[in-house]
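Welcome, and thank you for opening the viewer. Take a moment to turn the view around, and then follow the stops below at your own pace.

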Amino acid sequence: MTIKTKAFLRKELRAARQAHVAALPDEVRGLLFHTPPRPLLKAVKSDAVIGVYHATSGEAPAAGYARFFHEHGHPIALPFFASRDGHMTFRTFSDPHAESDLEYGPFGTMQPTDDRYDIVPDVLFVPLVGFTASGKRLGQGGGHYDRWLAEHREARAIGLAWDVQLIEPEDALPTEPHDIALDAVITPTRIYGNL
């Protein structure tokens, strides 16, 4: 078997992800990732800070989880970058319904405005391009989440993904020493890993 490079896998998986999302009827897509599954809710402490991401085109949406946990009294955090070469931190996200406290950041994604304060998530929902059943993650390639997770080992890292993003067999995803595995991955049909 020929091992594909991470760059090749990213290209292949992004195309598969876009095709999958485009094929979903709007009424089905609107129901997915709306409410966290029950095993996840049992694993999240009542005072946990919840970190999410603002999904880009094709990514599994995290907005439903942000609204759900906000409505249940959890502080919500989103990634923040002061500049393109800056370190990723998290800042408070107080309005997951109207998103009035967000602006475009240096990478063109929505992030909290500069006047929001830093906060450290206890549970972090992570975007991904691909994943394995054991929790290996293929990200965008910038290493931002791997660096943050390496510095915050106590945080639970849970990926959100479409089923089409599963990489099989397990060894088809090349890994490097700096890659941080996820505790679990949630797709529309199942939960991989341990909550």
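Start with the whole chain in view. In this predicted model, residues 24 or more positions apart account for 75% of the contacts in the protein chain with a separation of 6 or more. The protein chain holds 5 helices and 11 strands. Try viewing along the principal axes: the C-alpha atoms fill a box of roughly 50 × 40 × 30 Å. A compact globule of 195 residues would have a radius of gyration near 16 Å, and the protein chain agrees, with 16 Å.

Now switch on a surface. About 9,900 Å² of the protein chain is exposed, and carbon and sulfur atoms supply 53% of that area. Of the 195 residues, 45% are buried. If you colour by charge, you can look for 20 positive and 25 negative charges, whose mean positions lie 5 Å apart.

**First stop: the segment before α1**

Select K4, which sits in the segment before α1 (6–23). Is K4 buried or partly exposed? With a relative accessible area of 35%, K4 is partly exposed. Beyond its neighbours within four places in sequence, K4 touches L9, E12, A172 and P174. Next, add P79 to the selection and draw a distance between the two C-alpha atoms: K4 and P79 are 30 Å apart in space and 75 residues apart in sequence.

**Second stop: helix α4**

Select residues 63–71, which form helix α4, and show the side chains of its buried residues: G64, Y65, A66, F68 and F69. What do the buried residues of α4 pack against? Their partners are α3 (38–43), β1 (50–51), β2, β6, β9 and β10 (184–186). Then step past the end of the helix to G73, which follows α4 and has a positive phi, near 85 degrees.

**Third stop: helix α5**

Move on to residues 144–151, helix α5, and highlight Y145, D146, W148 and L149, which are buried. These four are on the same side of α5, because they cover an arc of only 165 degrees around the axis. A general point helps here: an α-helix has 3.6 residues a turn, so residues three or four places apart point the same way.

To see what lies against the buried residues of α5, add the strands β2 (76–80), β3 (89–92), β6 (123–126), β8 (137–138) and β9 (156–160). Keep β2, β6 and β9 selected as you go back to the previous helix: the buried residues of α4 pack against these strands, and so do the buried residues of α5.

Terms used
Residues numbered from 1 in each chain as written. Predicted model: local features only at pLDDT ≥ 70, side-chain atom pairs only at ≥ 80, totals over all residues. Heavy atoms only, no water. Buried < 20%, exposed > 50% of the residue type's maximum accessible area, 1.4 Å probe, protein only. Helix = DSSP H or I, 4+ residues; strand = E, 2+ residues; numbered from the N terminus. Arc of directions from axis to C-beta. Contact = heavy atoms within 4.5 Å. Rg over C-alpha atoms; globule rule 2.2 N^0.38 Å. Areas by Shrake-Rupley, 256 points an atom, 1.4 Å probe, with all protein chains shown as cover. Lys, Arg positive; Asp, Glu negative; His and termini not counted. Charge placed at Lys NZ, Arg CZ, Asp CG, Glu CD.
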